[in-house]
Amino acid sequence: MIKFNSVTKKYEDFIAVDNLNLEIKSGELCVFLGPSGCGKSTTLRLLNRLLDLDSGNITIDDVNIGDIDPVTLRRGIGYVIQSVGLLPHYTVKENISIVPKLLKWDAIKIAERVDTLLDLVGLSPEIYKNKYPRELSGGEAQRVGVARALAADPPILLMDEPFGAVDPLTRDVLQREFLRIQKKLKKTVIFVTHDIEEAVKLGNKIAVLKDGKLIQYDTPDRIITKPGNSFIEEFIGKDGSLKLLLYYYVEKIMKNRIPQEDWVYNSESQTLLYNGFNFCLNNHCVYKDSSLKDTLAVMLKIEQRVLPVIDSDKKVIGEVYLEDIERVFGNANE
Ligand code: ADP
Ligand code: MG
């Protein structure tokens, strides 16, 4: 658990972080959301001690980070930034190996770790490990940046607008892949963005910051359906609930518990017999990264309150209920 206790940071007389109190549970993906200049990056740098705070304290699992040697502290905290910061004269493999080498891992263990991480971020080790940063696209470089941050398996990951500089399509792919990785690794993540869409897609919790102050800390659905004040309302923009439908993935509310015998696939008709209904594989099933909007549209069309969630091999991996979609929105009408 990460705790910010009345943390204040000043640059001369300017208060960049103003009496911040915040708790982030282990394994949670917390998004810092707010406009440029609101203190997001400063707050991250206080946590890995690239900056020193002026008052208050930050604890990780009840240990004051001021009592931890900064180098040791940073080994337990992966850091991904927008400009990636890959060393141009190092290959992909060498870039990822930096921290493991500092930790004096042996060469075989490092080589294995590099291959595992490249696989994890969706880059073939054979093709990529000996490339130089200039031979990578923006999206590939960001993936290498994520792999490098994960190299020594730190429990905490700080990501400062990591996908801000890539085109929207690549960003969407990177976001989905990052969610997949996070589901597997369950790091404690602080992810900085000024993009409400990205915040809703990724966050278990969103901390909205303005002028160095925390103004709301809640789940994405509550931030959108119950914005704490007019600033957040304005920041979210019109049609907040519609945004929630568009950007909220099925994965966040699906139930993962489908025994094999509960569904029957008919390859001839391309249908799936499930829960007493014949679902057309192409039109009536959803994926874990389908939006709630698409899911709801299917439910209404075929008048079913529950849909199978399938993977790319058309296997059923879970189910999604209308009640759970309603619950996401229910917060608005409580
Ligand atoms: P964000 O990441 O939310 O865009 P930052 O944390 O980078 O915001 O900056 C917060 C505020 O502090 C901004 O107004 C910025 O201009 C100011 N600031 C950041 N770094 C410095 C610095 N080294 N010296 C003076 N002011 C700074
Ligand atoms: Mg910033």
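In this predicted model, helix 6 and helix 7 cross each other in a right-handed manner. Helix 6 spans residues 138-149 and helix 7 spans residues 168-185, and the two pack at an angle of about 25 degrees with their axes 10 Å apart. Because angles under 35 degrees count as roughly parallel, helix 6 and helix 7 are roughly parallel to each other. On the helix 6 side, the contact involves Gly139, Gln142 and Arg143, which meet Thr170, Val173, Leu174 and Glu177 of helix 7. By class, the residues of this contact are two nonpolar, three polar and two charged.

The helix 6 and helix 7 pair also takes part in an enclosed space. A search of the whole structure returns one cavity of 30 Å³ or more, and the largest cavity has a volume of about 70 Å³. Its lining consists of Val121, Arg143, Val146, Phe163, Leu174, Glu177, Phe178 and Ile181. Readers following the model will recognise Arg143, Leu174 and Glu177 in this lining from the contact between helix 6 and helix 7. Helix 6 and helix 7 each provide at least two residues of the cavity lining, with helix 7 giving the most, at four residues. In character, the lining of the largest cavity has six nonpolar residues, no polar ones and two charged ones.

A second helix pair, formed by helix 3 and helix 4, offers another view of the packing. Helix 4 covers residues 107-120, and helix 3 packs against helix 4 at an angle of about 120 degrees, with the axes 10 Å apart. That angle makes helix 3 oblique to helix 4. The crossing of helix 3 with helix 4 is right-handed. From helix 3, the contact draws on Val92, Lys93, Ile96, Ser97, Pro100 and Lys101, while helix 4 contributes Ile110, Ala111, Val114, Leu117 and Leu118. The residues of this contact comprise eight nonpolar, one polar and two charged.

Attention can now turn to the open spaces. The largest pocket holds about 430 Å³ of space. It is lined by 16 residues, and the closest to its centre are Arg74, Arg75, Ile77, Tyr79 and Val99. Two or more lining residues come from each of helix 2 (70-75), strand 6 (77-81), helix 3 (92-102) and helix 6. Helix 3, already met in the packing against helix 4, is thus a contributor to this pocket as well. The lining of the largest pocket divides into 11 nonpolar, two polar and three charged residues.

The second largest pocket contains about 330 Å³ of space. Of the 14 residues in its lining, Leu179, Lys183, Leu202, Asn204 and Lys252 lie nearest the centre. Helix 7 and helix 9 (220-225) each supply at least two of the lining residues. Helix 7 gives the most to this lining, with three residues. The classes here are five nonpolar, four polar and five charged residues.

Helix 7 therefore appears in several parts of this description: it packs against helix 6 as a roughly parallel partner, gives the most residues to the lining of the largest cavity, and gives the most to the lining of the second largest pocket. Helix 6, for its part, supplies residues to the lining of the largest cavity and to that of the largest pocket.

How values were computed
Residues numbered from 1 in each chain as written. Chains lettered and ligands numbered in written order. Predicted model: local features only at pLDDT ≥ 70, side-chain atom pairs only at ≥ 80, totals over all residues. Heavy atoms only, no water. Axes fitted to C-alpha atoms, helices over the stretch in contact; angles between N-to-C directions. Parallel < 35°, antiparallel > 145°, perpendicular 65-115°, else oblique. Left-handed = near helix turned anticlockwise from the far one by under 90°. Contact = heavy atoms within 4.5 Å. Nonpolar A, V, L, I, M, F, W, Y, C, P; charged D, E, K, R; others polar. 1 Å grid on protein atoms, 1.4 Å probe; cavity = no way out; pocket = protein on both sides within 12 Å on 5 of 7 lines; lining within 4 Å. Points joined across faces, edges and corners; volume = space filled by probe spheres on them.
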